[in-house]
Amino acid sequence: MIDVILPALPERELTPVSEETPQAPALTGHITLGGPVSVPVTSELVAGDPELLAFVEAEAHTAVYHLLLCSVSCAQDPPEPALHTVNLDLTLSTDTEAAGPAAFGPVAWSMSPHQLTDTADLSAPVRLGPRLALRDDSHAPPPGERVCLEARRELRSDPGWEIRRTGTVPIGGTYRLAMVVRAPRGTVSLAAVAVGATVREGHTLHRFRAEIAQPVRLADRECVAPGDR
């Protein structure tokens with residue numbers, strides 16, 4: 001097992017726009033996106049764990065893996081209205097223009113955190129476990145306890161996380177998120193990023209969304225042009 005060192009991420013403040021009324025004011029001062037940053041999972045990265053090294057080398061003829069690291073920071077004392085939910089959604093695809101058609105598409109191989117009921121658990125270390133499964137020290141919530149952060153659609157090409165306001169845990173602070181992406185060897189994969197939010201006014205939920213213009217490139221080192229190294 002190897003500890004995942006989460007680096008400082010470049011940040012951008014988002015201004016999600018209404019999904020219902022284009023003329024409505026954008027949601028400002030609430031959400032900052034960190035990253036995403038992609039790091040290839042190489043033999044050198046996992047060399048300290050013989051089991052992980054054997055797995056990466058056994059997969060090397062068909063698949064490559066990438067660590068995708070990001071964060072969502074939500075204002076602790078935001079202007080009204082307060083956030084009710086925040087979603088980070090990714091769409092994984094293969095850039096066929098850069099590398100041609102692939103035998104299979106990229107998927108979210110593992111994600112962390114999986115489920116949290118208290119944001120204090122965000123301080124738990126993240127580790128690469130057997131078969132590149134991301135492990136954290138959080139535990140499944142007791143029956144009936146409301147989840148404030150949940151990974152969604154693992155092992156698919158449209159993964160993401162949902163942050164929820166609960167009766168005891170408001171949305172606020174920084175949520176550090178990590179994903180291992182499995183992609184076909186010899187390809188350039190892309191991760192398109194969008195952030196959605198809902199706010200409640202009375203009994204009505206209003207939806208907002210911001211899409212990042214440029215997708216993140218997850219390049220197999222065999223496909224990287226010399227000028228990109």
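Where is the place of Leu132?

1. Leu132 lies in the loop between β9 (126-128) and β10 (134-136). This is a predicted model, and Leu132 is a reasonable residue to start from. Its relative accessibility is 0%, so Leu132 counts as buried. The phi of Leu132 is near 60°, a positive value in a residue other than glycine. Most residues other than glycine have a negative phi.

2. Arg153 is a second residue other than glycine with a positive phi, here near 65°. Arg153 sits in the loop between β11 (149-152) and β12. Its surroundings can be read from its accessibility: Arg153 is at 25% and counts as partly exposed, whereas Leu132, at 0%, is buried.

3. Two cis peptide bonds deserve a look. One joins Gly35 and Pro36, with omega about 0°; Pro36 belongs to strand β4 (residues 31-41). Another runs from Ser112 to Pro113, with omega near -5°. Pro113 is in the loop between β7 (107-112) and β8 (115-116). Most peptide bonds are trans.

4. On the nonpolar cores: the largest has 37 residues, and Val72, Leu83, Val86, Leu88 and Trp161 are those with the most contacts inside it. Apart from this core lies another, of 18 residues, which includes Val46, Val56, Leu128 and Leu132. The loop residue of point 1, Leu132, is therefore a buried residue and a member of that second core.

5. Leu88 shows what surrounds one residue of the largest core. Not counting residues up to four places away in sequence, Leu88 touches Leu33, Cys70, Val72, Pro159, Gly160, Trp161, Leu177, Val193, Ala194 and Val195. Among these partners, Val72 and Trp161 are also listed with the most contacts inside the largest core.

6. Strand β5 (63-74) has 12 of its 12 residues buried, so β5 is largely enclosed by the rest of the structure. In a regular strand the side chains alternate between the two faces of the sheet. In β5, Ala63, Tyr65, Leu67, Leu69, Ser71 and Ser73 point one way, while Val64, His66, Leu68, Cys70, Val72 and Cys74 point the other way, and all are buried.

7. What does β5 pair with? Strand β4 is joined to β5 by nine bridges, and the two run antiparallel. Strand β13 also pairs with β5 in the antiparallel sense, over 12 bridges. Leu68 can be followed in both pairings: Leu68 is the bridge partner of Ser38, and Leu68 stands opposite Met179 in β13.

8. Strand β6 (residues 83-94) has 10 of its 12 residues buried, so β6 too is largely enclosed by the rest of the structure. Strands β6 and β14 run antiparallel and are joined by 11 bridges. Strands β6 and β12 pair in the antiparallel sense over five bridges. Thr85 takes part in each pairing: Thr85 stands opposite Thr198 in β14, and its bridge partner in β12 is Arg164.

9. Is Thr198 buried or exposed? Thr198, in strand β14 (residues 188-201), is at 6% relative accessibility and so counts as buried. The side chains of Thr198 and Thr85 are joined by a polar contact of 2.6 Å. Leaving out residues up to four places away in sequence, Thr198 touches Ala82, Leu83, His84, Thr85, Leu205, His206 and Arg207.

10. Pro81 is in the loop between β5 and β6. Pro81 has a relative accessible area of 16% and is therefore buried. Apart from neighbours within four places in sequence, Pro81 is in contact with His30, Val199, Arg200 and Glu201. Pro81 and His206 are 125 residues apart along the chain, and their C-alpha atoms are separated by 10.0 Å.

11. Gly167 is an exposed loop residue, with a relative accessible area of 74%. Gly167 is found between β12 (160-164) and β13 (173-184). Gly167 and Arg146 are 21 residues apart in sequence, and 8.4 Å apart in space, C-alpha to C-alpha.

Definitions and conventions
Residues are numbered from 1 along each chain as its sequence is written. This is a predicted model: local features need pLDDT of at least 70, side-chain atom pairs count only at pLDDT 80 or more; totals for chains, interfaces and linings use all residues. Side-chain values use heavy atoms; hydrogens and water are left out. A nonpolar core is a set of buried Ala, Val, Leu, Ile, Met, Phe, Trp, Tyr and Cys residues joined through side-chain atoms within 4.5 Å. Buried means under 20% relative accessible area, exposed over 50%, partly exposed in between (1.4 Å probe, protein chains only). Contact means heavy atoms within 4.5 Å. Helices (H or I, at least four residues) and strands (E, at least two) are DSSP runs, numbered from the N terminus. A polar contact is a pair of N or O atoms within 3.5 Å; within protein, one must be able to donate a hydrogen and the other to accept it, and residues adjacent in sequence count only if both atoms are side-chain atoms. Two strands pair if DSSP finds at least two bridges between them.
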